[in-house]
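Student: Please give me a close look at one part of this model, the way its nonpolar residues pack together. I would then like to see that part set beside the elements around it.

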Amino acid sequence: MLLIPCPWCGARPDSEFSAGGEAHLERPDPDHASDGQWGEYLYFRRNVKGVQRERWLHSHGCRRWFNVVRDTVTHEITAAYPMGESMKETGPGA
Amino acid sequence: MTQPFRIDSGGLINRGKPLTFTFNGKRYTGCEGDTLASALLANGVHLTARSFKYHRPRGIVSAGPEEPCALVRVGTGARVRPNVPATMVELHDGLIAASINCWPGVNFDVGAINNAISGVLPAGFYYKTFMWPAAAWMQYERFIRKAAGLGVTPSFPDPDRYDKRNDHCDVLVIGGGPAGIAAALAAGEAGARVLLVEERAQLGGQLLFRNASIAGQPAREWLAQAESALARLAEVRVVCRATATGYYDHNLVTVLERCTDHVADPAAHLPRQRLWKVRAHRVIVAAGAIERPIVFGNNDLPGVMLAGAAQRYAAQYAVRAGQRAVVFTNNDSGYEAALALAATGVEVAALIDPRERPDCAEAVQAQGIAVMSRHAVIAAAGSKRVQRVTIAPVDATGSKLTGPMQHIACDLVCVSGGWDPAVHLYSQSGGKLVFDGEQHCFVPGAAMQPVRAAGAANGAFFVEDAIEQGRAAALNSDTAAPRRALALQPLWAAPGVPQGAKPFVDLQSDVTAADLALAAREGYVAVEHTKRYTTTGMGVDQGKTGNIIAYGLLGGLTGRTIPEVGTTTFRPPYTPVTIGALAGREIGTSFEPWRRTPVSAWHTAAGAEFEPVGLWRRPMYYPKPGEAMDDAVARECLAVRNGVGMLDASTLGKIEIRGPDALTLLNRLYTNAWNSLAIGRCRYGLMLHEDGMVFDDGVTARLGETHYLMSTTSGGADGVLGWIEDWLQCEWRDLKVHVTPVTAHWATVCVTGPHARDVLTGLASDIDFSGTAFPHMSMRQGQIAGAPARVARVSFTGELSYEIHVPARYGLALWEMLLEAGAAHGITPLGTEALHVLRAEKGFIVVGHETDGTVTPIDLGMQRLVSMNKGDFLGKRGLARADNVRKARKQLVGLLTRDAAVMVPEGSQIVAMENAGRIAQPPVPMLGHVTSSYRSPVLGRSIAMALVADGSNRMGGEVAVVTDGRVVTATLTDPCFYDRQGARLNG
Amino acid sequence: MAEHLRARSVLADAGGEVPRMFGDAAAVRLTEVPPAGAIVLRLDAADASALQQAREALGIQLPLTPNTWHGEGDITVLWQAYDEWLALTADGRQTEMAARLTQALAGRHAAVTDVSDLHAEFLIEGPVGRDLLRKGCAVDLHPRVFGTGHLALTALARVRVVLWQTGDAPAYRLRVERSHARYLWDWLADAGGEFIDG
């Protein structure tokens, strides 16, 4: 059972959270995206083996979304940062 | 004392407290401090079980959780516990236990026929025999379950209470032997919050039975001092009878505490067991080591025991496990056991060692014990108890006999093939295991989590080394504590086993060396495959004593070293965990965190039948005495159509939306346009996911310039709130708008029917309910009987309807007041079933009935609710994808069966009707399915809604509904069956 | 017909208005707290002048440190998120409090919502209160890391709660969504049985 560091409430068991999948997805411009591009946005994810950035919601706590950098092999979580912060500001990772 | 094998003095039992217990129907006496196993041995009872597959007589092999054979059934009735190792059952007065796997009794067992025909039950027998034909498996399974298996689970609900506990500490120490105690002391003295868990009833581990000295101090003295030192440390907690069962991510360890299993008559308010979920900054695994046997012929006979176990029975429990013993060891620890046995009056006939004579032989010989070096026990003999062993000289590697056999009479064979650190939890933590080529066992390697192993669990088999390692682990010191190695020459199985004497590798699953050899011959190489093919290690003991031998033998058979063979995966739990402990309080009415409205208790008192809607339990209908469901629902429906009904609608999701960008938010969330909505007016909207599929619907009211109140479906409130917050927090961070969920703040009662207004005008309120002042699709705020109220005029039934919201504390009073005010009009409470009938008559959709995540608003015939020219909204682009603009998608239609009395079940498949009312030959193309189906009291016939391919172009046509093997003919119609002009709700 | 709608206790089952109590404080006592006025305040914490206006309207400072609460007089403010607070006051004063806040924050990116009936509030006090809570709560409540003044938004049993420590005895208060109040009460009373029924 993972211990997920909510940037505000602190580390809590994953049962307090909802997973939001891959982070930093770009929503294509709906007026110009092709069906293929929209399909990519809707259904395709990278499914990284290794360091992955993902979104979590502290649903049983402060009810705020944030990003987490997690190694999907070891489950090690090396960073958690609020929405709106770019990937660059938070160090390495895919 | 009537315990013939009890030693007169010594041990840690209380002779002053005799305890009476029953085993297989016979009464015995033991002592306080005994386990069931030690008490049975004290009474000379060795035959305790029949084996899993061959029903061979089995006895007590170990003195711990690794016990493969002596599984017993403890207790009676609903409290019966099947498959418990007798070695871990603390004796209490009145304890009742019995053997498993035998009928009619352990001494005469019909299933033992399996042993006689064992030649036809080789490895993989069941797979080979019962794989074909597949349909016959159900027959075979019944036979297998009867013929082979363990104890029978109770068939009653578990009457006991189980508890859970979350815990946190700086250092969790698993195991209360010398290493664990030293670790807890060192960490505690350094100020850490320490939790020390010990599986047995008391601390001490090997100190309880080994004659060790620690820095010149007798072990038990050291132990007593350490225990009082631990007790003085306020932040050190010691929990005994607590087994660490699983090691999970981020240093979460589960611990099963047995609170009252050892008590004869536990108080009813105490939990029987408690499951701890311990989150530790650091973990020290000091779980000790498990002795391994050496395989020889008939090594499963009662009286064949691990040497360390015999030593423990003698020293800790003051029990002689036999009168005349043979010790068979390939390492020095067997010599210590021989001395301990001799010291308690057991005659040790011989010590058999395949090695050259080690230094420690001298002390043994000095006690008059014959040490036979370069010898091995190759078989034991006896019927229900070992009576003699056959030994023979062996070569330097122990792989060949080099001389004639001879027999030694004995009633106890003490075996030691070496020691395996209890690496289970360490491995579960993700830590690597490495093979110690000197002591020939797997030991912890590189860690993945903050965990260290210490003591015997880390391959330090000498007490002082263990203490040093415990201390170093606690202080997180990097200096590798030096340790002495246990002198050992590996021997997995004796050579030259005589014909007919089965050599068992896994005593619990009845796997022999021959089974492993067969698997190897058949090409099984991977250890995980071999495990499953032969069932090695698949019993409830998980092969704690046998697995390593299987790896050794498999290596020999396939020309590989043990590290090359590898191990099977160490999975939780370390020892079996009661299902009740996992369930904890999540049973019965607390199985789900059911939600209640302020009126819930009234519904119950009124005799309502409930149905779950999300986590709510909503009244489905209110049967009057003698009334069936259909009658009650029809009565409730007609009351609404002809008079007035009332519904507890408190479960509807409610979200306050405030801020200058509230309108922008609504335009992006809903498919329709919101710009023109005036203050005080309501509008219905559909929400789509980004793929264009409907996921919720509801009415939103505008309460102020920048203030809206959104309603959602009862089950969808959390999902909708999460959806909105997701967009606001992650994507639309520039929008100046806040959403606040207020569902449970309001109690909501819906009053619906032609007399609804008459009821409301009877209330003391400042709200004008007249049709002109308060038109359909509007909301008014005011007060009702002194309470603040919001009233929405919206309708889900097609009748004149009002939803009255008051703060929840007034909810029950409002309900009661409406009952009273409506009495003259025959106001009738209605449940969700009547509501569904009424809305289906009107062709209104229910998300989750008419939608299933693949349905667009266009499919629902709601094009007019989709504004393609208002700018972007969620799902807009998805709606334009090729498949979503495809012609002939499944579309919502009404369905009228030709026979008005026939009702088609929801979910029924719809297929095309060929000529003459027949359906085509299979395979028949599916056109769609029935989404809602009811009997309409007001129409006096069945009605249904369905999603049908190209439905809008098939209106008036006939289709076939296939249901329960029948074919029902039905006509496609508009889904609105009643008051299509909407005259009734606009009055 | 009754002239005024009668308010019911959260746990009232078709009747009583009296708050419930379980256990005795010798070990632990669980009490249903009578309703308070409660306001959800949403506000951008980076907007210093908005914070100042909220402070003036409330009469006390909003706690800006996550997982803390702050109380003065009959007003308690619980941190809820980086842009959200729950302000509690004596029952009956919530409308006035909401109006003051709404007025003070007019034109700002802020929202004020009366949620006085959204939650039930329980008081848990007594020496084993911590042991009772940790049967269903994964937050570390050890005095080294959690004391009076601290607050946690977390799960207790299987529902979301706001839990805050109000005394060293220890004493805790918690608020749970009203629809879950009965579930949580029954759960706590069952869990507390271990300490009481001896």
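Tutor: A nonpolar core is a set of buried Ala, Val, Leu, Ile, Met, Phe, Trp, Tyr and Cys residues that are joined through C-beta atoms within 7 Å. Buried here means that 20 or more other C-beta atoms lie within 10 Å of a residue's own, while 12 or fewer make it exposed and values in between partly exposed, with C-beta atoms placed from the backbone. The model is predicted, and local features need pLDDT (the predictor's confidence in each residue, from 0 to 100) of at least 70, side-chain atom pairs count only at pLDDT 80 or more, and totals for chains, interfaces and linings use all residues. Residues are numbered from 1 along each chain as its sequence is written, and chains are lettered from A and ligands numbered from 1 in the order in which they are written. The prediction carries an ipTM of 0.96 and a pTM of 0.94, and chain C has a mean pLDDT of 93, with 94% of its residues at 70 or more.

The largest nonpolar core holds 181 residues, and those with the most contacts inside it are V749(B), V751(B), V806(B), L814(B) and L818(B), together with I39(C) and L163(C). Its main contributor is helix α22 (residues 811-822) of chain B, which supplies seven residues; helices (H or I, at least four residues) and strands (E, at least two) are DSSP runs, numbered from the N terminus. For a concrete picture, take V749(B), which, apart from its neighbours within four places in sequence, is in contact with M646(B), D648(B), A649(B), I804(B), L814(B), W815(B) and L818(B), where contact means C-beta atoms, placed from the backbone, within 7 Å. A second, separate core has 109 residues, among them A39(B), L306(B), I352(B) and C410(B). Such grouping agrees with a general tendency: in soluble globular proteins, nonpolar side chains tend to be buried together.

The contact between chains B and C brings together 46 residues of chain B and 43 of chain C. On the chain B side, the elements that give two or more residues are β8 (162-174), α17 (600-605), β34 (653-658), β38 (738-741), β42 (801-807) and α22. Helix α22(B) is therefore the element that gives the most to the largest core and also one of those touching chain C.

Strand β8 of chain B reappears around helix α5 (residues 178-189) of that chain: what covers the buried residues of α5(B) includes β8, β9 (194-197), α6 (219-232), β12 (236-239), β15 (273-285) and α11 (463-474) of chain B. Because 11 of its 12 residues are buried, α5(B) is largely enclosed by the rest of the structure; those buried residues include P178(B), I181(B), L185(B) and G188(B). Just after the helix, G191(B) takes a positive phi of about 95°.

Another buried site in chain B is A379(B), which lies in strand β21 (residues 375-381) and counts as buried because it has 25 C-beta neighbours inside 10 Å. Not counting residues up to four places away in sequence, A379(B) touches F296(B), G297(B), N298(B), V389(B), T390(B), V497(B), P498(B) and A501(B). Its C-alpha atom is separated from that of G297(B) by 4.0 Å, although the two residues are 82 apart along the chain.

Chain A, to turn to the remaining chain, has one helix and six strands, arranged along the sequence as β-β-β-α-β-β-β. Its C-alpha atoms fill a box of roughly 40 × 25 × 25 Å along the principal axes, and 28% of its 94 residues count as buried. Six of the seven residues of strand β5 (residues 65-71) of chain A are buried, so this strand is largely enclosed by the rest of the structure. Strands pair if DSSP finds at least two bridges between them; seven bridges join β5(A) antiparallel to strand β4 (residues 51-57), where E54(A) stands opposite V68(A). On β6 (residues 77-82) of chain A, five bridges make a further antiparallel pairing with β5(A), and N67(A) has Y81(A) as its bridge partner. Five residues lie between β5(A) and β6(A) in this hairpin, where H75(A) in the turn has a positive phi of about 70°.

Chain A also meets chain C, through 12 residues of chain A and 10 of chain C. On the chain C side, β5 (75-81) and β9 (151-156) are the elements that give two or more residues, and β9(C) provides the largest share, three residues.

Notes. Two residues are in contact if their C-beta atoms, placed from the backbone, lie within 7 Å.
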